[in-house]
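Here are a few exercises to work through with the model open in your viewer. Try each one yourself before you read the solution.

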Amino acid sequence: MTDSLRLWLVHRTYDDKGLISLVYATEDGTRHLPKERAASALGRIPVTAAIDVDPSDVYPVEDEATRERYEKEATRMAARHNPTDEV
């Protein structure tokens, strides 16, 4: 992927149906990508601190409070983890 965009894990939730919802965001908090995984897939597909994606796959963050929260968490993750660290 030549023009990829790095996103950092900023949010993770589990539901009662065995799904894990992940949100990755840019360090400035302005763009994000939600992902869902089955809890049973975690052993086969690790959750990493960051992912690199095509910029056309991400969505804008409209809400200012969410943008600030994503920026804070993405910056914290980038400072504490290598992108390929399993978290």
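**Exercise 1. Work out whether Thr48 is buried or exposed, then describe its surroundings.**

Step 1: Thr48 has a relative accessible area of 16%, so it counts as buried (buried is under 20%, exposed over 50%, partly exposed in between, with a 1.4 Å probe and protein chains only). Keep in mind that this is a predicted model, where local features need pLDDT of at least 70, side-chain atom pairs count only at pLDDT 80 or more, and totals for chains, interfaces and linings use all residues. Residues are numbered from 1 along each chain as its sequence is written, and side-chain values use heavy atoms, with hydrogens and water left out.

Step 2: Place Thr48 in the fold: the loop between strand E3 (31-38) and strand E4 (50-53) holds it. Strands here are DSSP runs of at least two residues (E) and helices runs of at least four (H or I), numbered from the N terminus.

Step 3: List the contacts (heavy atoms within 4.5 Å). Setting aside neighbours within four places in sequence, Thr48 touches Leu9, Tyr24, Pro83, Thr84, Asp85, Glu86 and Val87.

Step 4: Check the side chain, which reaches the backbone oxygen of Ala50 at 2.8 Å.

**Exercise 2. Find the strand order of the sheet and say which strands sit at its edges.**

Step 1: Start with the chain, whose elements run β-β-β-β-β-α from the N terminus.

Step 2: Trace the pairing (two strands pair if DSSP finds at least two bridges between them). You get an open, antiparallel sheet of 5 strands in the order E4-E1-E2-E3-E5. The edges are E4 and strand E5 (59-60), each pairing on one side only.

Step 3: Zoom in on one pair: strand E2 (residues 19-25) and E3 run antiparallel over 7 bridges. Ile20, for instance, has Arg37 in E3 as its bridge partner.

**Exercise 3. Decide whether His32 is buried or exposed, and name what it touches.**

Step 1: His32 belongs to strand E3.

Step 2: Its relative accessibility is 16%, so His32 is buried.

Step 3: Leaving out neighbours within four places in sequence, the contacts of His32 are Val23, Tyr24, Ala25, Val58, Tyr59, Pro60, Val61 and Tyr70.

**Exercise 4. Look at the chain as a whole: what share of the residues is buried, and how far apart in sequence are the contacting residues?**

Step 1: Of the 87 residues, 32% count as buried.

Step 2: Take contacts between residues at least 6 apart in sequence; 61% of them join residues at least 24 apart.

Conventions: Polar contact = N/O pair within 3.5 Å; in protein donor to acceptor, adjacent residues only side chain to side chain.
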